[in-house]
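Open your viewer and get your selection tool ready. We will make two stops, and each one tells you what to select next.

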Amino acid sequence: MKNYKDKNLSVRVRTEDLLSRMTIEEKIGQLNQLSAKLSDADEMRKNAVQGLVSSRVMASTAFAGNEEQEITGFDEINLLQELALNQSRLGIPLMDGWDIVHGQRTIFPLPLAQAAGWAPELVQRAAEIAALETAEWGVRWTFAPMLDIARDPRWGRIVEGFGEDPYLCAQMAAASVKGFQGESLSDKRRIAACAKHYIGYGMSCGGRDYSACDCSEHELRNTYLPPFKAAVEAGAATVMASFNEIGGEPVTGSKHLLTDILKGELGFQGFVVSDWYAIHQLINQGVAENRKEAAYIAFDAGVDMDMLDLCYSEHLPALIEEGRISKERLDDAVRRILEVKFRLGLFDDPYVDPNASQRIRDEHMEFAKVFAEKCMVLLKNENNVLPLPKSGRKIAVIGPLAEAKRALMGSWTQNKSDEGIQTIVEGVQAAAPEAEIITASSLYDEMLMAAQRAEMVVLVLGESDRRNGEHACIADIELPVGQLELLRAVRRLGKPVVSVICSGRPLVLEEVDHLSDAVLYAWHSGHQTGPAAAEILFGNVNPSGKLPVTFPRTTGQIPIYYNHKPNARQIDEYYYPESTDYFDTTGKPMYPFGYGLSYTTFAYSGLTIDKEKITADEVQTVRVTVTNTGNMEGDEIVQCYLRDCSSALTRPLKELKGFQRIHLAPGASQEVVFTLDREKLGYYGKGGKFCVEPGKFMVYTGGNCLTEMCTQFEIVK
Ligand code: NOJ
């Protein structure tokens, strides 16, 4: 006789056996996710015994990324699992979920900054470390990666994703899913990933969070879907439905998006969780009259687990009784959830080692430093003012963020301790111990006095960790109040000025660029922001990050992104056109997508393609040689873009289709090879069908999206 408790049986068999033993009430209990709020602890224990809760969100408020959370600790996890396993009728363990967005104890760069490293293997390693630390805390599910293509830096959540480009984002999506989940979820050091927010949430209007925006299915499939497709193909165990609507249908209530496309077309086998109160919010969005209708719409659409609303536990019993929801759909949702729990090994051992050290391992910190170094982007370096001399010059390291700690960690930092965070000043002292450093970071007059006494100035500017993230939007992406005035005053002293900007999102930097000799974008790069920035400033490390998102010149240029469609009237054929309809500024951004400088220089030569004509099923090979023409070894991120010149539906002027981070010694060259297969050559065309159409294609290679180095080929029938 089969028994789901038998570890030797397959997940499928165990799930079916368990399902066959469950009452409707127990099944609905598996759809219920509650909050790990401290004040709900007693109630939670009762729910665990009665089998009425499936999971907890490790958060107590809706804006968990920026607010202090009052949640139960580490110790409660074993107790609840013990109650669920041994005192509930069927012994089904809980599967708690937590927003581990860029590290649990060891904090890595924010995802947008991670994307600036253009190194999926580093994203994967960071996710792997985050998984281990999260699992050691007893939680086996993260609400990450966030895969929303975002093109509006006013939107606070742009920091949580991997930028404006579908291909780059898809590469990072796959890497993070692999990092979190590893080869097998049964490995106790791994956690289940949650690809969120499916789909189109990044399309925020006016930069406002939770706003109602819309796009065509063409845009949805070609721009917003690829990262989710990549995450599903990488095996993401769960997906979170997004708050926004598409075509008048909130995603939480869209059968077309959740069941037809995600579970059907993409073949997603895991379960879909709603976002915080999103089912109830169907009432606010005006498509459900009451909570019962909201439960019906979301469950029928394909949302399997209800995050906090209690809509399912309150109303599914009646909806099933009335026959509006079928028992098959109920079984489908429960099966999906149970399978993930079985795969995680939670039925066999859901406990956390209470003696597991919660300290940060040195090797994790070391990796965090390397990762942060790769993500920082050198935006300007006039007259080679950088690297700074390590001795012999008096250097002022000043500015409101020069000695900041929390601000460097960024939004969604679950580690609330300041231990291990090194400031930029501390980083500078460690990177250049011989240097004579003067610091000041709180009073503006003292900062100016320090600058006056020095020969060179490093001015550390930027945002607080709370000025970005969820529900943290700004109307104007200028530096926070007062910082530009400080820069202007420092500039008037006539000394070389290096601006270091710590921020989660792109800011407008036209004046900063103009007033500074060098600009380093250090992001909110977590624990190692200070040391990593300092290593770059003093030339111990050659900067190599490139922008994963366009930096506008003024807020009014938003939305501005490189992969836009051609204009009907081509006043200027180019990306980011010089002559636009603006009378008051150019259409050119401040810094384009893919841009970033190095202390060395790279030359591109010998771009070739293998065949001038290919069929739609053939693969094109692109080769280009890159040479380090400067004096320092360094990394270059070699990029390959494609333009589909004639197609039944319009295509972007350029689309990223490949990139490679290479390391070159001075004088060294390397041939970089890109392959363009069906998936890269095609797009979702008429009727939403994926197709590769005959016609002319241009291929570009270079160090950023503005590259003009190109060749062409044709796809023939
Ligand atoms: C709401 C956010 O939109 C989502 O990303 C997050 O995972 C949940 N809150 C849980 O904190």
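**First stop: around the ligand**

Select the ligand and the residues around it, those with a heavy atom within 4 Å: Val 57, Asp 99, Phe 143, Arg 157, Lys 196, His 197, Met 240, Phe 243, Asp 275, Trp 276, Trp 412 and Glu 470. This is a predicted model, in which local features need pLDDT of at least 70, side-chain atom pairs count only at pLDDT 80 or more, and totals for chains, interfaces and linings use all residues. Residues are numbered from 1 along each chain as its sequence is written, and side-chain values use heavy atoms, leaving out hydrogens and water.

Now show polar contacts (pairs of N or O atoms within 3.5 Å). Asp 99 has a side-chain N or O atom 2.5 Å from a ligand oxygen. For His 197, the distance from a polar side-chain atom to an oxygen of the ligand is 2.6 Å, and for Asp 275 it is 2.5 Å. The protein covers 100% of the 300 Å² of accessible area (Shrake-Rupley, 1.4 Å probe) that the ligand has on its own.

**Second stop: the sheet**

Next, select the six strands of the open, mixed sheet, ordered β9-β14-β13-β12-β10-β11. Strands here are DSSP E runs of at least two residues, and helices are H or I runs of at least four; two strands pair if DSSP finds at least two bridges between them. At the edges sit β9 (377–381) and β11 (436–440), each pairing on one side only.

Zoom in on β9 and β14 (residues 518–521), which pair antiparallel over four bridges. Here, Asn 381 stands opposite Ala 518 of β14.

How values were computed. A polar contact is a pair of N or O atoms within 3.5 Å; within protein, one must be able to donate a hydrogen and the other to accept it, and residues adjacent in sequence count only if both atoms are side-chain atoms.
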